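Work through these short exercises with the coordinates open. Each task is followed by a stepwise solution.

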Amino acid sequence: MDNNDFISINIAVVTISDSRELKNDKSGDTLVNRITQFGHKVTVRKIVKDDFNKIYDLFEKLLENKNIDVII
């Protein structure tokens, strides 16, 4: 493989917020747009409340997902 060969990765985008939803998550939208512009895939996009147990449970599930290479 040549050093210039591009490898697309699968990315999960997570927003932690008590006030955001998909319709008003501008930072999440920006991340998704930039990720896809650079040729990568957003395989999961989630918004989770700022609650330790909910965050922990979500990340535990995401880490088990073999289709995710990176969590942002």
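Buried means under 20% relative accessible area, and exposed means over 50%. The model is predicted.

**Exercise 1.** Compare the span of helix α2 with the expected value.

*Solution.* Take residues 52-64, which gives 13 residues. From first C-alpha to last, α2 reaches 18 Å. At 1.5 Å a residue, 18 Å is expected, so the two are close.

**Exercise 2.** Find what holds the N-terminal end of α2 as a cap.

*Solution.* Look at Asp51. One of its side-chain oxygens lies 3.2 Å from the backbone nitrogen of Asn53. Asp51 is the cap.

**Exercise 3.** Sort residues of α2 into buried and exposed, and locate each group around the axis.

*Solution.* Start with the buried set: Ile55, Leu58 and Leu62. These three cover an arc of only 70° around the axis, so they sit on the same side of α2. Now turn to the other side: Phe52, Asn53, Lys61, Leu63 and Glu64 are exposed there. Finally, find the packing partners. The buried residues of α2 pack against β1 (10-16), β2 (41-48) and β3 (70-71).

**Exercise 4.** Which residues make up the largest nonpolar core, and which element gives the most to it?

*Solution.* List the eight members: Ala12, Val14, Val44, Val48, Ile55, Leu58, Leu62 and Ile68. Elements giving two or more residues are β1, β2 and α2. With three residues, α2 gives the most.

**Exercise 5.** Which residues does Val48 touch, leaving out those up to four places away in sequence?

*Solution.* Apply the contact cut-off, heavy atoms within 4.5 Å. Val48 then touches Val14, Thr15, Ile16 and Ser17, as well as Lys54, Ile55 and Leu58.

Notes: Residues numbered from 1 in each chain as written. Predicted model: local features only at pLDDT ≥ 70, side-chain atom pairs only at ≥ 80, totals over all residues. Heavy atoms only, no water. Helix = DSSP H or I, 4+ residues; strand = E, 2+ residues; numbered from the N terminus. Buried < 20%, exposed > 50% of the residue type's maximum accessible area, 1.4 Å probe, protein only. Arc of directions from axis to C-beta. Polar contact = N/O pair within 3.5 Å; in protein donor to acceptor, adjacent residues only side chain to side chain. Core = buried A, V, L, I, M, F, W, Y, C linked by side-chain atoms within 4.5 Å.
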